[in-house]
Amino acid sequence: MSAAAPSTPEAPARRAVLSDRAAALLLRGSFGTYVTVLVALPLLALVYRGLADGPAAAWAAITAPAAVAALKLSIGTGVVAALVNGLAGTAIAWVLVRWDLPGRRLLSALVDLPLAIPTLVAGILLIALFGPQTAIGAALAEHDLAVAYARPGIVLALLFVTLPFVVRAVEPVLHELDPAEEEAATTLGAGRWLTFRYVLLPPLLPAVAAGTVQVFARSVAEFGSLAAVSGNIPFQTLTAPVYILGEVEGGSPGSAAAVSLVLLAVALALQPLSHALARAAGSRRG
Amino acid sequence: MASAPGRSRPVGAAWLVVAAVTLYVGGLLVVPLLALTRAVLADLPGVASALTAADALRALGLSVALAAVSLVLNGVAGVTGALVLTRQRFLGRRLLDALVDLPLAVSPVMTGLAFLLLFGRNGWLGPVLQPLGIKVAFALPGLVIATVFVTLPFMLREIALVLEEIGTSEEDAASTLGASAWQTFWLVTLPNLREGLTLGATLTVARALGEFGAVLVLGGAITGRTDTATTFIHNAMEERHTTSAYGMALVLAAAAAALLFLLQRPSQTSRGK
């Protein structure tokens, strides 16, 4: 490693302690080790533990009724959150990019807030608003409705923590689009809907999809806000990550690791999809 | 700012969308924030005494310390990793690139479990660590590892974006003029990274202060030892001490808002250039 790099005609006269090539290798090696030890090793341990008791045991753990109910709930609420924030996020991006509004910067800052607010705190916020001791919670209870410790609370928490994803995916693409095209379409007699459908939507679609996939992936993995707001009732409001926590605390790491395999598979499938969509959105630009 | 091209006052039906968007963001984010603020203000002396209790202060201090450690470790790893991933081409680069993003995709509970399988009882690294008397799970090192894991991508990604944007022409010029790789890095590359470093640091600190699932599972939330600000809230809720929970939650929410304010979104202004 201490061997000097082959000298090139334009090799600088002064040499650092390490030659460029050795330094490059050293950087690459230490960073590769850091990521392997910090990320790959624990996840390998997780996959190994999930399969260690044999595929039959893993399948039994995954198909246990409470596990299936938790996975279904996570996927179902994730789909709802993805659809709602897919639509709302696109609308928010459109408002932020296209219109000159008083308070536009405040709106933009608010959209970023869920990136900074701890997810557990997002859950606490919803409890402070809808919890049983609050006026709203009491009023809802009178009508046999509940947000806190119920499914609506789960969806609200997911919408809260995933709000920025679609907005931030769509915003840059929308920036690059020429409003003149929309104006031209309108001038040529296209209605608002036709303009939206044929001029605005097609170039935005990959970005909207990338953001929506991100919302779903995050929703399925979400833990902190749901630990606070969902009430964690098996078969009703217990989502998959909280189920995994229960299995860990109940002394069944094998079952916890097996159910984790499902979530890991979802994450590993969706991340490249979201990246590919984001690249497609980017290539539409410019 | 106001002269941004193509931006005009909304007309006609656009107002409906603007109103709907305002209601959505206001209802989803602002109203719950106001509800928490109101609940805290209703019992300010109670919240104040709950937050100045030794356990609360220690939990908050621990979270701040964890954020600082993550910032340093992932600052170094982020600059190194961003340079490696954007400036070098080698076998396995794409795998490494994908691994860096995994902490964002994995549920925090699974992170905690994965590290327990390494460091817990009968963990993979038990035979190595036990004879040395090193305790990771349910101890401070576990909290550090969990927090560093979940914050790994932030610095790196923001720095990599800047590195890709600025290209290598300045660095090439410097080394042609005789600067060593080290001099080029300190005098040319690093100063250019300021924007990415700021944004990445903010996201890292925010995420470290707010990390909950992984530190709960790996740290165990032991009062006075591995209890962070978030697990403090969790424990307080379980014990129905809403005063403490709400108080600490508002402190963390305020810290998040302050971080965003400090940042003032340089990414947006640079995008508009």
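Here are two short exercises on a predicted model, each with a worked solution.

**Exercise 1. Find which residues have the most contacts inside the largest nonpolar core, and work out why this core lies between the two domains of chain A.**

Solution.
- Start with the core itself: 167 residues belong to it, and the ones with the most contacts inside it are A:Val39, A:Ile117, A:Ile124, A:Leu174, A:Ile244 and B:Ile233.
- Next, see what supplies it. Helix H7 of chain A, residues 151-176, gives the largest share, with 14 residues.
- Now bring in the domains. Both domain 1 (18-52) and domain 2 (56-283) of chain A give residues to this core, so the core lies between them.
- Finally, zoom in on A:Val39. Leaving aside residues up to four places away in sequence, A:Val39 touches B:Leu99, B:Leu102, B:Pro103, B:Phe149 and B:Leu152.

**Exercise 2. Describe how domain 1 of chain A meets domain 2 of chain A: how many residues are in contact, and what area is buried?**

Solution.
- Set the scene with the centres, taken over C-alpha atoms: 31 Å separate those of domain 1 and domain 2 of chain A.
- Count the contacts: five residues of domain 1 of chain A meet eight residues of domain 2 of chain A.
- Then take the area. About 550 Å² is buried between these two domains, and carbon and sulfur atoms give 82% of it.
- Ask who does the burying on the domain 1 side: A:Leu46, A:Arg49 and A:Gly50 supply 69% of the area that domain 1 of chain A buries against domain 2, more than any other three residues.
- Last, check the polar side. The rule finds zero salt bridges across this interface, and zero residue pairs are in polar contact, counting pairs with both residues at pLDDT 80 or more.

How values were computed: Residues numbered from 1 in each chain as written. Chains lettered and ligands numbered in written order. Predicted model: local features only at pLDDT ≥ 70, side-chain atom pairs only at ≥ 80, totals over all residues. Heavy atoms only, no water. Core = buried A, V, L, I, M, F, W, Y, C linked by side-chain atoms within 4.5 Å. Buried < 20%, exposed > 50% of the residue type's maximum accessible area, 1.4 Å probe, protein only. Helix = DSSP H or I, 4+ residues; strand = E, 2+ residues; numbered from the N terminus. Domains from an automatic or database assignment. Contact = heavy atoms within 4.5 Å. Buried area = accessible area lost by both parts, 1.4 Å probe. Salt bridge = Lys/Arg side-chain N within 4 Å of Asp/Glu carboxyl O. Polar contact = N/O pair within 3.5 Å; in protein donor to acceptor, adjacent residues only side chain to side chain.
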